[in-house]
Amino acid sequence: MSDQMDVWAVDRPGPIDDGPLQHVRRTVPEPGPGEVLVKVEACGICRTDLHLCEGDLEPRRPGVVPGHQVVGLVVGGGAERFAPGDRVGIAWLRGTCGVCEFCRAGSENLCPRSSYTGWDADGGFAEYAVVPQDYAYALPTDRSAVELAPFLCAGIIGYRSLLRANLPPGGRLGIYGFGSSAHLTAQLATAQGAELFVMTRGERNRELARSLGAGYVGETADRPPVPLDSAIVFAPAGDVVPYALEAVKPGGTVAVAGIHLSDVPVLNYERHLFHERDLRSVTANTRRDGEELFRLVERLPVSAHTTVVPFAEVDRALSDVAHGRAAGSLVAV
């Protein structure tokens with residue numbers, strides 16, 4: 001194995017079309033105690049990667065390598081949990097303290113000392129990546145790496161968003177924005193009996209929503225034909241939140257799924273929040289979320305609609321995400 005590898009690293013954050021992401025050579029990382037070295041097979045491309053490149057999320061280390069939906073094979077390291085040749089997944093959550101009030105309560109996603117793949121440490125836009133064994137997922141070998149990659153963030157965050165949305169059995173779920181995470185969440189919800197209403201921009205996204213069983217598909221500002229039990233806002237636009245709140249019935253819940261959101265407009269108490277409507281955020285995920293999701297994926301008809309991106313074109317793919325040209329999940333190989 002060569003000691004050098006190709007990576008995509010954030011040089012100077014800025015608009016994606018100005019080239020903040022640079023294709024460079026780096027030394028293959030050395031795994032530390034309890035870590036494994038992973039040869040990357042595929043890495044999903046996430047809107048969070050775009051936020052990092054453009055500076056909406058300020059990089060926490062210079063020249064960081066994004067990418068946190070990683071599928072690969074263990075090729076080294078001193079961990080006991082995995083052996084060489086095992087397939088593993090590397091997700092967004094990379095480390096927690098384990099001793100704070102949140103970790104002890106089972107809410108490690110709120111740990112103030114949590115760390116993240118592709119933000120605090122280099123991620124999967126590279127030929128090799130390192131991950132602590134306790135934060136890696138054992139993955140099946142009967143699905144392709146491309147199909148599995150989107151579940152490691154889009155799937156996990158979507159699953160947590162669905163939990164936070166308090167959707168009753170067989171309830172009406174509204175989804176605002178229909179990208180990678182939303183299209184997986186929609187399948188989870190409908191597989192469990194939900195009625196689906198999708199409000200999104202872009203005809204490709206609307207076509208995908210219809211193909212996945214949405215009973216109603218409209219523009220972002222459109223009011224669904226019936227009151228909703230719950231809604232999830234995947235679009236990173238704060239001005240969508242009032243539309244979602246107006247669409248849910250009394251006692252309904254709106255969950256905001258993104259890590260970054262533009263400002264929410266001033267809300268009218270009676271129109272948007274009265275009658276015990278709940279507005280909730282979603283912050284990262286716990287490892288338990290990921291484990292529960294992969295158990296569901298094994299038994300439910302849920303699959304990622306993927307577009308394969310050559311590794312040399314990761315920057316172009318992020319531009320497609322920025323300009324709304326992508327549908328479903330993009331995965332670099």
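The buried residues of helix α4 pack against β9 (136–138), β10, α5 (180–191), β13, β14 and α9 (287–299). The model is a predicted one. Within it, α4 is mostly covered, with 9 of its 11 residues buried. The buried set consists of A154, G155, I156, I157, G158, Y159, R160, S161 and L162. Burial here stands for a relative accessible area under 20%. Just after the helix, N166 adopts a positive phi of about 55°.

The sheet next to α4 is considered next. It is open and built from 6 strands, in the order β12-β11-β10-β13-β14-β15. The pairing is parallel. Strands β12 (216–218) and β15 (278–281) stand at the edges. Each has a single partner strand, so one side of each is left without a neighbour in the sheet. From one strand to the next, the twist averages 15°.

At the β15 edge, the pairing can be followed by residue. Strand β14 (residues 248–256) is joined to β15 by 4 bridges, and the two run parallel. One residue pair illustrates the register: V254 has L279 of β15 as its bridge partner.

Helix α4 (residues 154–164) packs on this sheet. The strands it touches are β10 (172–176), β13 (228–233), β14 and β15. The direction of α4 makes about 155° with that of β14. Beyond the sheet strands, the partners of the buried α4 residues include the helices α5 and α9.

The wider fold was then examined. The protein chain contains 10 helices and 17 strands. Along its principal axes, the C-alpha trace spans about 60 × 45 × 35 Å. For 333 residues, a compact globule would have a radius of gyration near 20 Å; the chain has 19 Å, so the value agrees with that expectation.

Burial and contacts were assessed over the whole chain. Of the 333 residues, 54% count as buried. Among contacts with a separation of 6 or more, 71% come from residues 24 or more positions apart. The chain exposes about 14300 Å². Carbon and sulfur atoms supply 48% of that area.

Note on methods
Residues numbered from 1 in each chain as written. Predicted model: local features only at pLDDT ≥ 70, side-chain atom pairs only at ≥ 80, totals over all residues. Heavy atoms only, no water. Pairing = 2+ DSSP bridges. Axes fitted to C-alpha atoms, helices over the stretch in contact; angles between N-to-C directions. Contact = heavy atoms within 4.5 Å. Rg over C-alpha atoms; globule rule 2.2 N^0.38 Å. Buried < 20%, exposed > 50% of the residue type's maximum accessible area, 1.4 Å probe, protein only. Areas by Shrake-Rupley, 256 points an atom, 1.4 Å probe, with all protein chains shown as cover.
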